[in-house]
Amino acid sequence: HVLGVRPPWRKRGLGTALLRHSFRDFASRGATRVGLGVDGENTTGAVRLYEKVGMRAVRRNDTYEKTL
């Protein structure tokens, strides 16, 4: 359900490889489109990674919360 690359392993192409492998797998199953959710203010570089592999933002959501 959740997939990521732990900090010591980042910047080695693992995220790109995982995404491209997933795209091939989904395509082989007949999928024509894939999507994922990400925090747009994520500081790990995830947004850049997704854009690098050809993904683009198609919807933005705001989440509100209040600490009680």
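Trainee: Let's start with Thr16. Which residues does Thr16 touch, leaving out those up to four places away in sequence?

Mentor: Keep in mind that this is a predicted model. With those sequence neighbours set aside, Thr16 touches Leu49, Lys52 and Val53. Thr16 itself sits in helix α1, which covers residues 14-28, while Lys52 belongs to helix α2.

Trainee: Is Thr16 buried or exposed?

Mentor: To read that, look at the relative accessible area: under 20% is buried and over 50% is exposed. Thr16 comes out at 10%, so Thr16 is buried. Its contact partner Lys52 has 58%, so Lys52 counts as exposed.

Trainee: Lys52 carries a charge. Which residues gather with Lys52 in the patch of positive charge on the surface?

Mentor: Arg6, Arg10, Lys11, Arg20, Arg24 and Arg48 join Lys52 there. Then ask where the members come from: α1 and α2, the latter spanning 46-52, are the elements that each give two or more residues to this positive patch.

Trainee: Lys11 is on that list. What is notable about the phi of Lys11?

Mentor: General idea to begin with: most residues other than glycine have a negative phi. Lys11 isn't a glycine, yet its phi is positive, at about 70°. You'll find Lys11 in the segment before α1. With a relative accessibility of 76%, Lys11 counts as exposed, because the cut-off is over 50%.

Trainee: On to charge pairs. How many salt bridges does a search of the whole structure find?

Mentor: The idea is that side chains of opposite charge can pair when their charged atoms come close. Searching the whole structure turns up 1 salt bridge. Arg29 and Asp25 form a salt bridge, and their closest N and O atoms are 3.0 Å apart.

Trainee: How accessible are the two partners, Arg29 and Asp25?

Mentor: Go back to the percentages. Arg29 has 64% relative accessibility, so Arg29 counts as exposed. Asp25 has 30%, and therefore counts as partly exposed.

Trainee: What about the segment before α1, where Val5 lies? Which residues does Val5 touch, not counting those up to four places away in sequence?

Mentor: Here the contact list is Arg10, Leu14, Gly15 and Leu18. Arg10 turns up again in the positive patch. You can also set distance along the chain beside distance in space: Val5 and Thr44 are 39 residues apart along the chain, and their C-alpha atoms are separated by 9.9 Å.

Trainee: And in the segment after α2, where Arg56 has its place? How far apart are the C-alpha atoms of Arg56 and Gly35?

Mentor: Use that reading again. Arg56 and Gly35 are 21 residues apart along the chain, with 9.3 Å between their C-alpha atoms. Arg56 has a relative accessible area of 65%, so Arg56 is exposed.

Trainee: Tyr64 is found in the segment after α2 too. How far apart are Tyr64 and Leu19 in space?

Mentor: From C-alpha to C-alpha, Tyr64 and Leu19 are 30 Å apart, with their positions 45 residues apart in sequence. As for accessibility, Tyr64 has a relative accessible area of 75%, so Tyr64 is exposed.

How values were computed: Residues are numbered from 1 along each chain as its sequence is written. This is a predicted model: local features need pLDDT of at least 70, side-chain atom pairs count only at pLDDT 80 or more; totals for chains, interfaces and linings use all residues. Side-chain values use heavy atoms; hydrogens and water are left out. Helices (H or I, at least four residues) and strands (E, at least two) are DSSP runs, numbered from the N terminus. Buried means under 20% relative accessible area, exposed over 50%, partly exposed in between (1.4 Å probe, protein chains only). Contact means heavy atoms within 4.5 Å. Patches are made of residues with over 30% relative accessible area and no salt bridge: like charges are joined within 9 Å, nonpolar side chains (Val, Leu, Ile, Met, Phe, Trp, Tyr) within 5 Å. Accessible areas come from the Shrake-Rupley method with a 1.4 Å probe; for residues, only the protein chains shown count as cover. A salt bridge is a side-chain nitrogen of Lys or Arg within 4 Å of a carboxyl oxygen of Asp or Glu. Lys and Arg count as positive and Asp and Glu as negative; His and the chain ends are not counted. The place of a charge is taken as NZ of Lys, CZ of Arg, CG of Asp or CD of Glu.
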